[in-house]
Amino acid sequence: MLNRIKNSGFLKRLWETKFKIFTLSIALFLAFFVVALLYCVVTHTTLDAMWESITSAEILFAIRLSLITALISTMLCLIVAIPAAYALARYNFWGKSLINTILDMPLALPPLVAGVGLLIIFGATAFGDALAEAGIKFVFTPAGIVIAQFFVNLPFPLRVMRSSFESINPRYENVAQTLGCTNEQVFWRVALPMSKNGIIASAVITWCRGIGEFGAALMIAGATRMITETLPISLYLNMSCGDLHMAIAAATILIIISVVSIFIFEYFSRSASMF
């Protein structure tokens, strides 16, 4: 009987060890595949050609336009997402699940479809015509890139900020209210300071996604060199023309931005979950 118990314990530990090795092997294989893919992209050119391409007027324009549009769209996303996420995290109301589903739809919606929708709204409706007459044009302009980035990336700060607010114990806000704070003061003095790591994580991931936005921006803003040419558009145009060095230069910059952004996002999102 004793030997049977010992054998069953041994077999259980053996199975757990095998399962751990199996799952770790899959994770390591995936990590190796990603690193190998990025390494092949970055090293598929020479350093001289890479430097010449990165310092060219076209790539510098693409970098500048990508940074500016991503920064503007990120600020717009945060301005809208923070109060909306707070409402969804703290208040219960009829249709809340439906609103959550609708706001998350851009995550599942193909960016090309979103871009077609934006193109129709701002280019083939009375609303778009009225904006154009007022001097606000989104079709085939850099402003179209901003609106595309905003629409496609809005669910990311919404999700992060909603999780961040939900992780904060409501007792802190209740105590502030018993001390005489209004709902608005509770939001500004308690909720926002305690969710600062979530805000930073939201800003980083939204900005990173904005830098890499392609499908929706291509539909509404087009792919015009030195006008609506962001880094993904530059990559697309140069690959289409067979200029591999310029395409790899744009890809390398996007890879560097993505790696740095992911590290920052992981750090602050992990800190935000500790509340």
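These exercises work through cysteines, nonpolar cores and one loop residue in a predicted model.

**Exercise 1.** Find how many disulfides the structure holds, and classify Cys-77 and Cys-241 as buried or exposed.

*Solution.*
- Start with the criterion: two cysteine sulfur atoms must lie within 2.5 Å.
- Take Cys-77. The nearest cysteine sulfur belongs to Cys-208 and is 13 Å away.
- Cys-77 is therefore in no disulfide, given the 2.5 Å limit.
- The count for the structure is zero disulfides.
- Now accessibility. Buried means under 20% relative accessible area, and exposed means over 50%.
- Cys-77 has 0% relative accessibility, so it is buried.
- Cys-241 has a relative accessible area of 58%, so it is exposed.

**Exercise 2.** Describe the largest nonpolar core: which residues have the most contacts inside it, and which helix supplies the largest share?

*Solution.*
- The core has 35 residues.
- Ile-82, Phe-122, Phe-165, Phe-187 and Ile-220 have the most contacts inside it.
- At least two core residues come from each of α3 (57-90), α5 (111-123), α7 (142-153), α8 (155-166), α10 (183-194) and α12 (215-221).
- α3 gives the largest share, with nine residues.
- Look at Ile-220. Beyond four places in sequence, its contacts include Leu-118, Phe-122, Phe-138 and Ile-147.
- Another core, of 10 residues, lies apart from this one; Ile-211, Leu-231, Ile-253 and Ile-257 are among its members.

**Exercise 3.** Place Thr-230, decide whether it is buried or exposed, and list its contacts.

*Solution.*
- Thr-230 sits in the loop between α12 and α13 (231-241).
- Its relative accessible area is 3%, so Thr-230 is buried.
- Setting aside neighbours within four places in sequence, Thr-230 contacts Ala-62, Leu-65, Ser-66, Thr-69 and Ile-145.

Conventions. Residues are numbered from 1 along each chain as its sequence is written. This is a predicted model: local features need pLDDT of at least 70, side-chain atom pairs count only at pLDDT 80 or more; totals for chains, interfaces and linings use all residues. Side-chain values use heavy atoms; hydrogens and water are left out. Buried means under 20% relative accessible area, exposed over 50%, partly exposed in between (1.4 Å probe, protein chains only). A nonpolar core is a set of buried Ala, Val, Leu, Ile, Met, Phe, Trp, Tyr and Cys residues joined through side-chain atoms within 4.5 Å. Helices (H or I, at least four residues) and strands (E, at least two) are DSSP runs, numbered from the N terminus. Contact means heavy atoms within 4.5 Å.
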